[in-house]
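Grab a viewer and work through a few exercises. Try each task yourself before you read the solution under it.

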Amino acid sequence: MRRTRILTAALALAAGLLAGTPPALAADSAPPATTLAAESYTWKNARIDGGGFVPGIVFNRKEKNLAYARTDIGGAYRWQQTSRTWTPLLDSVGWANWGHTGVVSLASDSVDPDRVYAAVGTYTNSWDPGNGAVMRSADRGASWQKTDLPFKLGGNMPGRGMGERLAVDPNRNSVLYLGAPSGKGLWRSTDSGVTWSQVANFPNVGNYVQDPSDTSGYSSDNQGIVWVTFDESTGTSGNATKTIYVGVADTGNAVYRSTDAGATWSRVAGQPTGYLAHKGVLDTVNGQLYIAYSDKGGPYDGGKGRLYRYTTATGTWTDISPVAEADTYYGFSGLTLDRQRPGTVMATAYSSWWPDTQIFRSTDSGGTWTKAWDYSSYPTRQNRYAMDVSSSPWLTWGANPSPPEQAPKLGWMTESLEIDPFDSNRMMYGTGATVYGTENLTNWDSGTQFTIKPMVQGLEETAVNDLAAPPAGAPLLSALGDIGGFRHTDLTKVPSMMFGSPNFTSTTSLDFAESNPNTVVRTGNLDSGPHVAFSTDNGANWFAGTDPSGVSGGGTVAAAADGSRFVWSPAGAGVHHTTGFGTSWSASSGIPAGAIVESDRVDARTFYGFKSGRFYVSSDGGATFTASSATGLPSGDSVRFQALPGTKGDIWLAGGASDGAYGLWHSTDGGASFTKLSGVQQADTIGFGKAAPGASYQTLYTSAQIAGVRGIFRSTDKGATWTRINDDAHQWGWTGAAITGDPRVYGRVYVSTNGRGVIYGDSSDTGGGGGGGGGTDPTPTGACAVTYTITNQWSGGFQADVRVANTGTSAWSGWSLSWAFPGGQTVSQLWNAEHTQSGATVTAKNIGWNGNVAAGSSVSFGFTGTWSGTNAKPAAFKLGDQNCAVS
């Protein structure tokens with residue numbers, strides 16, 4: 001689930017994320033003028049809602065509705081109760097400190113709720129060149145101050161679901177503790193996080209590593225100190241809490257305690273061994289410390305586990321595990337207490353993937369337990385909950401699994417689970433893909449179902465590998481890590497499903513035919529299956545191609561300008577080309593394996609490639625390539641280039657590294673020669689958008705360093721002058737994977753991030769522009785035929801596709817299709833059309849770009865809905881006044 005993010009960050013490092021001044025290079029053009037932040041932009045996310053691992057959720061214990069979430073690579077968020085959304089808090093993290101978007105721990109101050117702390121840093125090995133830091137805020141994360149640490153932190157390292165490693169003393173809030181990895185021990189601050197020093201007398205720095213043989217240092221790092229818990233009953237306001245418990249990554253010595261405010265420490269006697277303590281949560285009312293144990297550090301691994309209760313007054317340890325050790329194939333985590341109902345405790349089987357995760361609940365301090373689901377008669381499951389993912393229907397993954405597996409899953413990697421300390425009915429928990437929650441949790445105890453829904457809107461955590469903005473059809477196509485990618489027909493709405501058939505674990509590259517944008521190709525990674533897929537309807541539906549021999553990963557792919565052929569540079573095999581849709585591939589000659597490939601956007605037989613400082617050109621559809629004589633290009637492979645739509649042979653190339661050639665180059669002769677723009681010190685992406693009013697050349701966009709400033713820049717005059725269009729509050733860490741303007745909306749730009757999803761910006765001088773589409777009330781005439789297909793169905797919900805064919809003799813310049821559901825079904829979300837529903841009657845209208853339907857052609861849209869009783873298909877459809885044939 002997270003390998004792509006590791007590789008993306010490693011690639012980011014290779015791209016030269018540390019700002020620096022490259023050697024002087026010859027340039028033929030004068031330095032461009034640069035304006036910094038001269039224009040106001042509005043920045044938003046193209047909505048996906050989630051997409052990544054949320055290892056920590058923290059509720060404030062003093063103020064109701066104040067909660068935070070941390071992600072492993074995408075920053076931290078604060079809950080907004082009025083809108084039921086999350087607000088990002090670390091978008092100000094800049095390029096040079098990109099590692100600080102990984103959050104290993106959060107702490108919310110229960111004495112002063114305005115104060116919040118974040119321990120940040122993504123990797124403890126060489127992938128992250130910087131050390132960790134503790135960020136502190138006195139305004140709930142609206143602004144931050146930072147203290148750098150003398151060691152690294154690992155927000156995306158093994159064991160990141162354990163915790164919390166950072167804690168504020170609930171009696172003397174100027175005192176904080178931080179558990180460090182890598183043998184760095186326990187650290188303390190006595191001045192509200194401004195300065196930190198190691199607790200010299202803490203006896204154990206940890207010794208557990210996931211894989212000692214890993215030479216990269218990723219899996220072989222000591223996971224260190226993993227949680228800190230205060231017994232608030234042993235202190236008084238203004239005085240340091242006397243009793244503190246600390247969890248250590250050591251299967252023989254997992255729990256330590258101080259009873260003198262940290263002056264001395266000792267191993268807690270009688271504790272169980274053979275396990276790691278993932279969580280330690282204290283019920284001060286009953287004097288019970290609950291600990292969730294696993295044999296591994298997580299968040300994926302874990303084959304055995306136990307739950308224990310430690311009675312603080314007597315020193316008695318009690319095994320309160322809900323199942324026998326022999327029956328576990330998972331570790332325990334996600335530990336939480338109901339602060340309104342002492343004695344109510346919950347935990348998760350965090351590492352159980354098949355058939356699902358499990359959530360356990362006890363109302364008698366762990367004496368007895370019930371499960372979120374159980375078997376009525378194998379493989380039939382009886383769930384205490386109902387899942388409603390209508391707000392994020394892609395969470396089903398389009399799956400229709402066999403029992404006992406279900407879609408959507410209750411979750412996986414469920415290391416964070418928290419009951420609201422002020423509301424026994426509200427619970428939230430993080431998974432590898434989203435945040436789920438319920439607001440009627442106590443139904444569990446009364447024997448009625450409680451409802452679980454995504455509680456994730458505003459929290460966007462995807463790693464973006466590639467972006468495409470076609471001139472027609474959907475405004476945005478994305479290639480994402482972990483969840484494949486999406487076709488956005490409306491930027492303000494969550495797409496119904498990620499790309500499917502096949503569903504890549506990560507999409508590495510995508511392209512469309514410039515003059516035929518219905519033709520789209522994408523490549524990606526898949527453990528078992530093809531690595532290339534094609535679409536002939538602008539990415540709405542897909543079919544798999546055939547891999548050449550030896551392919552092990554997606555690599556890069558390019559579509560000819562007219563969609564007649566493709567060139568693919570996959571991992572594990574050399575560059576290949578094909579005509580048609582990849583039923584067979586032929587090896588290309590003259591170009592090395594691993595080259596980056598792109599197409600000319602005018603000439604369908606011209607393709608380009610780049611590898612290790614050399615530029616390559618093919619004029620025969622990718623069959624043969626010839627190395628260009630161009631020199632002075634970056635010697636490494638951290639390069640991205642694009643050919644300009646509308647002009648043959650107009651190419652822009654960005655990339656390099658701070659220890660060599662680095663910047664932006666332009667070719668007007670098909671790559672035979674390149675001119676470096678001397679005023680652009682560094683550039684990592686290049687993209688094109690609609691030309692400015694009165695301009696003859698398309699708008700350029702880049703993530704770059706210009707005039708000594710890192711940012712997102714725009715040029716409306718072919719690179720002669722540049723304007724920084726983001727600001728210091730909107731930086732999003734690393735933005736070096738992809739960028740593209742919108743060919744239909746001047747000023748709009750789509751920016752890739754490594755953990756904050758797809759960001760898009762609209763200029764203040766354009767009026768913004770909508771993300772969806774409009775259209776007038778259509779009045780089509782002529783015959784029609786409708787195909788209604790239920791593509792997926794689950795308990796209480798379903799997904800359907802509708803295809804409307806123009807079987808008449810004249811074109812439609814707009815359409816409106818209506819039908820009546822026979823079984824009380826309700827549309828939850830509909831894409832590729834606008835819709836209304838009144839009772840059983842639904843009306844779907846075109847959204848502008850798909851309003852023109854030629855005679856003999858068809859248009860499709862899809863939707864998700866709810867049903868009960870039966871889910872029969874509609875018997876009749878009308879297109880305006882016309883009755884349609886139904887199949």
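Here come five exercises on this predicted model, each with its solution.

**Exercise 1.** Find which residues touch the most other members of the largest nonpolar core, and which elements give two or more residues to this core.

*Solution.* Start with the core itself: it has 37 residues, and those touching the most other members are Met346, Ile359, Tyr385, Trp394, Leu410, Tyr429 and Ile452. Next, the elements: β29 (385-387), β30 (416-419), β31 (427-430), β33 (450-454), β34 (464-468) and β35 (476-480) each give two or more residues to this core. Then zoom in on Ile359. Leaving out residues up to four places away in sequence, Ile359 touches Met346, Ala347, Thr348, Thr370, Lys371, Ala372, Leu410, Leu417, Tyr429 and Trp444. Finally, don't miss the other core that lies apart from this one: it has 24 residues, among them Val804, Trp819, Val827 and Val853.

**Exercise 2.** Is Trp353 buried, partly exposed or exposed, and which residues form a nonpolar surface patch with it?

*Solution.* First place the residue: Trp353 sits in the loop between β24 (345-349) and β25 (359-362). Its relative accessible area is 45%, so Trp353 counts as partly exposed, given that this class runs between 20% and 50%. Its patch partners are Trp354, Tyr375 and Tyr378, and together the four residues have about 480 Å² of accessible area.

**Exercise 3.** Work out the strand order of the open sheet that contains β49, β50, β51 and β52, and say which strands are at the edges.

*Solution.* The order is β49-β50-β51-β52, with antiparallel pairing. β49 (639-643) and β52 (675-676) each pair on one side only, which makes them the edge strands. Now look at β50 (651-656) and β51 (662-667): six bridges join this antiparallel pair. One to check is Gly656, whose bridge partner in β51 is Tyr662.

**Exercise 4.** Where do the cis peptide bonds at Glu164 and Pro408 lie?

*Solution.* Keep in mind that most peptide bonds are trans. One cis bond joins Gly163 and Glu164, with omega about 10 degrees; Glu164 is in the loop between β10 (145-148) and β11 (166-168). Another joins Ala407 and Pro408, with omega about 0 degrees, and Pro408 is in the loop between β29 and β30.

**Exercise 5.** Are Ser192 and Met413, which have positive phi, buried or exposed?

*Solution.* Phi is near 60 degrees for Ser192 and near 55 degrees for Met413. Ser192 is in the loop between β13 (186-189) and β14 (197-198), while Met413 is in the loop between β29 and β30. The cut-off for buried is under 20%. Ser192 has 17% relative accessibility, so it counts as buried; Met413, at 0%, is buried too.

Conventions:
Residues numbered from 1 in each chain as written. Predicted model: local features only at pLDDT ≥ 70, side-chain atom pairs only at ≥ 80, totals over all residues. Heavy atoms only, no water. Core = buried A, V, L, I, M, F, W, Y, C linked by side-chain atoms within 4.5 Å. Buried < 20%, exposed > 50% of the residue type's maximum accessible area, 1.4 Å probe, protein only. Helix = DSSP H or I, 4+ residues; strand = E, 2+ residues; numbered from the N terminus. Contact = heavy atoms within 4.5 Å. Patch = residues over 30% accessible without salt bridge, like charges linked within 9 Å, V, L, I, M, F, W, Y side chains within 5 Å. Areas by Shrake-Rupley, 256 points an atom, 1.4 Å probe, with all protein chains shown as cover. Salt bridge = Lys/Arg side-chain N within 4 Å of Asp/Glu carboxyl O. Pairing = 2+ DSSP bridges.
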